[in-house]
Amino acid sequence: VGALYVCGGEHFPSAHASLAAALRDGVSLHLSLQREADAAYLTACSENRKRMGRDTSAANETVSTAMEDVLFAIRAQQSEQGGVMAGHAYHLAYVRDQYGVLRGLLAMGDYDGARAILQYYLDVEARYGELHNAQGMGPSRIFHIHENDNTEITSYLVLGCVDYLRATGDSTFFARCLG
């Protein structure tokens, strides 16, 4: 019987600190803390759906399980900066894909995840003074430039802001996005 610890971090010292904490505290504590955080996350999403009039608590178990799986799959692909990886072969945050993810997150009640996507674009534009079809996540100036960058992506971002406003009523953030 043994254990395998996979620890990571942005730099070696943070990865080392994660490993030291796992060895010191044991798997059970970290697993318990993560399960508590996951349960709180799902509860918050459920409460948001209820406020939107999309209570899924009576939905069949298959639908509820699928929704939880999708929420965690998206969460696993969302960077610290807020962009969501488009897929295993597309390690960029594509604006059109992000709009679909944002709508899905709003429908499933993950308002924080949806807001993080919009904040990601605000931050990229503030840092580099431009947005394109797709952006790299993290501190990188990687862009996928496409012919519709000045029209198509603007529309998706504005629609995302409007959808976020409708779901959350957060007019302050909405004004900042469009300001």
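In strand β3, phenylalanine 143 is the bridge partner of glutamine 135. Strand β2 (residues 134-135) pairs with β3 in the antiparallel sense, over 2 bridges. Strands count as paired if DSSP finds at least two bridges between them. The sheet holds 3 strands, is open and antiparallel, and runs in the order β1-β2-β3. β1 (93-94) and β3 (143-144) stand at the edges with a single partner strand each, so one side of each has no neighbour in the sheet.

This is a predicted model, in which local features need pLDDT of at least 70, side-chain atom pairs count only at pLDDT 80 or more, and totals for chains, interfaces and linings use all residues. Residues are numbered from 1 along each chain as its sequence is written, and side-chain values use heavy atoms, with hydrogens and water left out.

**Overall build**

The protein chain has 7 helices and 3 strands. Both are DSSP runs numbered from the N terminus: helices are H or I with at least four residues, strands are E with at least two. Along the sequence the pattern reads α-α-α-β-α-α-β-β-α-α. Along the principal axes, the C-alpha atoms fill a box of roughly 55 × 45 × 30 Å.

Of the 179 residues, 34% count as buried. Buried means under 20% relative accessible area, exposed means over 50%, and partly exposed lies in between (1.4 Å probe, protein chains only). The protein chain exposes about 10900 Å². Carbon and sulfur atoms supply 55% of that area. The areas come from the Shrake-Rupley method with a 1.4 Å probe; for residues, only the protein chains shown count as cover.

A contact means heavy atoms within 4.5 Å. Among contacts in the protein chain with a separation of 6 or more, 54% join residues 24 or more positions apart.

**Charges and salt bridges**

The protein chain carries 14 positive and 21 negative side chains. Lys and Arg count as positive, Asp and Glu as negative; His and the chain ends are not counted. The centres of the two sets lie 4 Å apart. Each charge is placed at NZ of Lys, CZ of Arg, CG of Asp or CD of Glu.

Side chains of opposite charge can pair when their charged atoms come close. A salt bridge here is a side-chain nitrogen of Lys or Arg within 4 Å of a carboxyl oxygen of Asp or Glu. By this rule the count comes to 7 salt bridges. The table includes some of them.

| Positive side chain | Negative side chain | N to O distance |
|---|---|---|
| Arginine 75 | Aspartate 38 | 3.9 Å |
| Arginine 115 | Aspartate 170 | 2.7 Å |
| Arginine 166 | Aspartate 163 | 3.9 Å |

Take the salt bridge between aspartate 38 and arginine 75. Aspartate 38 lies in helix α2 (residues 27-51) and arginine 75 in helix α3 (residues 61-77), so the pair ties together parts 37 residues apart in sequence. Aspartate 38 is partly exposed, at 21% relative accessible area. Arginine 75 is also partly exposed, at 37%.

Next comes the salt bridge of arginine 115 with aspartate 170. This pair links distant parts of the chain, 55 residues apart. Arginine 115 sits in helix α5 (residues 111-128), while aspartate 170 is in the loop between α6 (152-168) and α7 (171-178). Arginine 115 is partly exposed at 27% relative accessibility.

Arginine 166 and aspartate 163 form a salt bridge within one helix. Both residues lie in α6, 3 residues apart, about one turn of the helix. Arginine 166 is exposed, at 68% relative accessibility. Aspartate 163 is buried, at 15%.

**Two further positions**

Glutamate 147 is placed in the loop between β3 and α6. Its relative accessibility of 62% makes this residue exposed. The C-alpha atoms of glutamate 147 and serine 46 are separated by 40 Å, and the two residues are 101 residues apart along the chain.

Leucine 178 belongs to helix α7. Leucine 178 is partly exposed, with 45% relative accessibility. Setting aside neighbours within four places in sequence, leucine 178 contacts Val158 and Cys161. Leucine 178 and glutamate 10 are 168 residues apart along the chain, and their C-alpha atoms are separated by 32 Å.
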